Amino acid sequence: MRSGAFASKLADPAAIEYRRSEFMGVEEHLRESVVTVLEELVASGQLPPEVRTAVFSSERPKVAEHGHVATNVAMVLARVAKVKPRDLAATIQPRLQAQPGIRQVDIAGPGFLNVWLEPQVFQAVLHEVQQLGLGYGRAPAATGERVLLEFVSANPTGPLLVSHGRGAIFGDAVGRALEASGHRVTREYYINDFGNQVRLLAESVRAAAAGKDPPEGGYGAAYVKVLAEWIKANASEALKDDAPEGLLARLCIGRMLDGIPGSDEVRGIRNTLGSMGIFFDGWYSEESLHRWGKVDAALLQLRERGVLLELEDGALAFKTSEGEDDKDRVIRKNDGRTYTYFASDIAYHGDKVGRGYERLINVLGADHHGYVARLRAALDVFGFEQQRFEVLLYQLVSLLRDGQPYKMGKRLGNLITIDEVTDEIDQAAGRKGAGADALRYYYLSRSSEQPIKLDIEIAKQQNLDNPVFYLQYGHARLCAILRRAKEVFGLEAPRFGVAHAAKLVHPDELAMLQQLGSYPRVVRDAARERAPHKTLFFLQELSQQFQSYFTRLKVERDAILPQSWQTSQPGWEATWDRDKTLARLAWVDAIRTVYAAGLWLLGISAPERMVRPSAEADGVESDDDAEPATS
RNA sequence: GCGCCCGUAGCUCAGCUGGAUAGAGCGUCGGACUUCGAAUCCGCAGGUCGCCCGUUCGAAUCGGGCCGGGCGCGCCA
């Protein structure tokens, strides 16, 4: 089951087949070669069969002098083989060197095997990328688990705030990563449209419509007044004293979700998410759980399981303390009829189980950590295996303003919404969607386990030197080369041909092919570890490699496309290596393909052109410059 | 007090299923434009990987203990 253990794969023929069909790049070429050599040594009795249990590395060394790829196999096997690492390395070395595609093998340090490969091994990556196009790196679709991914689920009693953005973006990126590794993902937003907060919103709107202050604990931000105006104009009957119970609340929630046309304050949660490329398959209403009797039904199951406890004061509790939780949790208050949110959540998760998913994933902010044990207890009652339930906690976003802690409050009227931040960046960058890209990049450039400090002012204004534009620029630049090739020289990237590929011999070109070859592994790891930031760091590195190469070519008086200093010479075409240009175009196109695939996994757009902003011209009052508090 | 997360360059962060000389961006300083897109590239400087023990050929990485910070421990959601 452990990936990396060649033994388990050899033991299972099907696993071998799977592995062979799974392209894993240059490192995997060495891994296979090592396995072949070890099998030879086992067969000839020079190594005990136990070496098959070993887990060894095959990776690109940090320094170029250590080869294209290196493995620690001799060090790992030394103990079980009862030989010194360097002696074992010496046994493996000549046989490994004889394997196809391997040019040279050195023994180094405590027993590393440093390996240099033939160019064909790298060039094969180009073939693979061309074959699969944007599907490169992705597992076959719909071969994995059926997953229910619940995220955001923010209270619809207000617009989505920048802090909600992290959960939304992280959850969406996890969903994309899971899909890329073959899982079938259903995205769901649980709407808390029931209970006290909703009632408070309705009362606050009623008060605002009458020109009064909100009730104790109510909502006082600007959007409440906008809601009140809309209700007055479009559904004033809901404000009457004899209006049906809950009508006003339903109208308010409806507007918070779908927005009020033309209003910046109430743009609608669905629209906010949609503008960031985040779409849900389901919007599950808490209120409907009650309306359809699912809460009562769930509690009946709990009662039958004997996990309910009547408290002395009339309240009803779930004996969650029999599990991991540290105390029992009340599900019906001591008035004997009011359910807590936990009652709804029990029913909701019971419903999820009933829908037959193989895996349930909840994305929650770290402040909900204490809630996990409760959910596990509930899922236990419904017979759902704990291993198939995951809670992904992301650490919180703390807001700063000009370096000082910034407290948001629903009554303070100082809410910073996602829309507000993305709008400002859109405007500064002169492109709709730039803000969403920037926010996505910012949140995905940190591990979910890392707390984030977000400075509002910098988030809104510091945008032209935002690293997201570096990535996008890299992509646009690749597109520009391909565009120019076609428009000026009538050349298009050719299909893979061995003769063309053989023209790719520049060390940087081979190194980048190696990098492209590791992309499928990055996708797999990002999905398996629920760590989309790994994809982002991969792309960052890819971009750096290319831009560095591109400048280096210039220094070396070389170029992908013929330059004016060449074409201005009469008869220049006689000395032009046209096949090399074609090979490089194919190579550029492969990089662009992986680039676009990776950006898609992050939900960041991959523009083919970027309009360069006039740097200082509109420089957002740049006199109080720099003070790089954040990022 | 208990639980989870974090502590790596001046700042923001990667690296953590143990591997060779710990990386990137921003910032500082110095270089590279005849632009296949310079929103770029190259270089210099910058580190007790919070501290202490332990595990072993080898620890930023694993285990234990401390120190410091964030969050949680509601009949709120």
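Which residues line the second largest cavity? In this predicted model, local features need pLDDT of at least 70 and side-chain atom pairs count only at pLDDT 80 or more, whereas totals for chains, interfaces and linings use all residues. Residues are numbered from 1 along each chain as its sequence is written, chains are lettered from A and ligands numbered from 1 in the order in which they are written, and side-chain values use heavy atoms, with hydrogens and water left out.

The lining is made up of Pro159, Leu160, Met256, Glu265, Val266, Arg267, Gly268, Ile269, Thr272 and Asp419 (lining residues have an atom within 4 Å of a point of the cavity, a set of points on a 1 Å grid over the protein atoms alone where a 1.4 Å probe fits but cannot get out). Five of these residues are nonpolar, two polar and three charged, with Gly counted as polar. This cavity holds about 40 Å³ of space, the volume being that filled by probe spheres set on the points, which are joined across faces, edges and corners. The structure has three cavities of 30 Å³ or more.

Turning to RNA strand B, 66 residues surround it, and Lys327, Tyr341, Arg446, Arg477 and Arg612 come nearest (near means a heavy atom within 4 Å). The surface near the strand comprises 27 nonpolar, 21 polar and 18 charged residues. Sugar or phosphate accounts for 63% of the RNA strand B atoms within 4 Å of the protein, and bases for the rest. A polar side-chain atom of Gln450 lies 2.7 Å from a phosphate oxygen of the strand, while one of Gln395 lies 3.4 Å from a sugar or linking oxygen.

Terms used: On a 1 Å grid over the protein atoms alone, a cavity is a set of points where a 1.4 Å probe fits but cannot get out, and a pocket is an open set with protein on both sides within 12 Å along at least five of seven lines; lining residues have an atom within 4 Å of a point. A polar contact is a pair of N or O atoms within 3.5 Å; within protein, one must be able to donate a hydrogen and the other to accept it, and residues adjacent in sequence count only if both atoms are side-chain atoms.
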